[in-house]
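Please look through the sequence and the structure shown here before reading on. The paragraphs below are meant to be followed with both in view.

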Amino acid sequence: MRQLSLEEHPQALTAEPFKILLASPMVLASVIALSLLPAGCVRAPSVHSENSSYIRTESSRWPNPRAIPVCIMNIHDIKPNLLNDLSTTVRTDYGTKAGVGYVGWEPCSDYYFKQSSVRVYFNPSQNWSDGNGSTGGNSLDGATGAGTNATMTINIDAKGEYPQNASEELKSRVRSTTLHEFGHVLGLMHEGDRHDSTCDRKTGAPGVNIGSYDPNSLMNYCRPAGQTLTQGDVAGIHTLYPELKGAGSQRKNSSNQKCWEIPEFSSDPGAPLQQRDCAPGVPNQLWRTQDLGNGEFEIRSSLTNTCLDVAGADLSSGAKVILWPCSGGDNQRVRLIDQTGGGKSVQFKHSGKCLDVPGSSTENGIQLQQWDCNGSSAQNFD
Ligand SMILES: [Zn+2]
């Protein structure tokens with residue numbers, strides 16, 4: 001097969017990149033045991049099962065790659081610190097580099113079983129000292145749909161945490177394998193399977209080449225140990241999900257330098273607009289300003305495509321600002337008022353009041369509010 005991740009050679013794209021690049025949930029259903037091995041290491045052959053049910057269709061694309069639900073099948077088998085380490089790795093690498101949002105990371109519930117989701121099983125029967133710290137998993141995509149089985153397996157050990165004396169190399173390999181499996185989730189295949197690959201470990205899965213061979217690709221069995229997403233990998237993801245390109249920009253308070261965010265990648269209507277330390281490129285801190293004409297704008301989250309909104313169209317000072325499905329209502333229409341230093345105040349049309357950091361707080365997790373416009377630094381945003 002050929003590829004999946006790629007260098008930036010858009011002219012090499014076929015007319016139907018989605019159709020060709022995406023893998024069905026059935027396809028890579030076997031465990032991949034080798035992805036932790038360092039470059040050049042030759043071990044037992046991969047056990048990817050290949051069969052004629054390898055279906056690749058456009059419908060298997062994730063409908064919203066900015067908020068792909070992830071849940072944990074057996075949360076009691078993994079210690080919170082290890083889960084946090086792996087989930088932070090995935091969220092940060094995919095969010096910062098590619099604009100992909102992997103959200104949730106809580107125990108699997110009906111919510112996850114009733115929709116396409118990444119259902120992760122942490123297999124506790126492995127032993128870190130075996131050298132395979134963690135191993136592969138299944139591939140799936142937006143067509144996974146309902147079901148109660150795990151859709152990805154990450155091998156850990158019975159203690160559910162890194163060994164006390166775990167080396168950074170071991171940790172980075174486990175993180176790299178986890179990242180690799182989440183590449184399959186998006187539709188990336190094994191870079192080493194390209195016909196022009198110099199990696200000697202093929203799995204034979206079909207795919208299509210985009211751009212030139214990337215020996216360092218996260219999706220390459222022959223990649224360097226501890227690899228994360230490469231530029232080529234990101235280009236592949238953006239070929240599959242072009243809407244993730246140019247996905248908006250951060251908005252931060254000009255004084256405390258905290259960024260607007262939606263907490264926990266929430267897609268719930270009514271999620272609060274908060275401030276937090278900026279994390280470049282993470283989708284829950286990205287925003288787009290839409291010109292509605294007459295000097296009025298709406299501000300949309302790049303994560304959820306919902307709008308900044310004063311809850312209940314409240315007129316009072318101190319009313320909370322939330323995210324709500326865009327309606328064009330006056331409590332979502334804003335004027336942008338120039339402030340000193342190049343920043344702007346955000347004035348809501350319905351109330352004439354301005355977006356405001358309560359008490360000029362510098363704390364993370366503070367929900368923003370509306371307040372009488374006063375030109376203070378608490379109302380000045382870049
Ligand atoms: Zn793989």
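What follows is a walk through one helix, the loop after it, a core and a hairpin.

This is a predicted model, in which local features need pLDDT of at least 70 and side-chain atom pairs count only at pLDDT 80 or more, while totals for chains, interfaces and linings use all residues. Residues are numbered from 1 along each chain as its sequence is written.

Helix 4 (168-186), where helices are DSSP runs of H or I with at least four residues and strands are runs of E with at least two, both numbered from the N terminus, is largely enclosed by the rest of the structure, because 16 of its 19 residues are buried. Buried here means that 20 or more other C-beta atoms, placed from the backbone, lie within 10 Å of a residue's own. Just after helix 4, glycine 187 takes a positive phi of about 115°. The loop between helix 4 and helix 5 (231-240) holds aspartate 193, which counts as buried because it has 24 C-beta neighbours inside 10 Å.

The largest nonpolar core, a set of buried Ala, Val, Leu, Ile, Met, Phe, Trp, Tyr and Cys residues joined through C-beta atoms within 7 Å, has 68 residues, and Ile237 is among those with the most contacts inside it.

Strand 7 (residues 287-293) and strand 8 (residues 296-301) pair in the antiparallel sense over six bridges, pairing being assigned if DSSP finds at least two bridges between two strands. Glutamine 290 stands opposite glutamate 298 in strand 8, and in the hairpin, with two residues between the strands, asparagine 294 takes a positive phi near 55°.

Terms used: A residue is buried if 20 or more other C-beta atoms lie within 10 Å of its own, exposed if 12 or fewer, and partly exposed in between; C-beta atoms are placed from the backbone.
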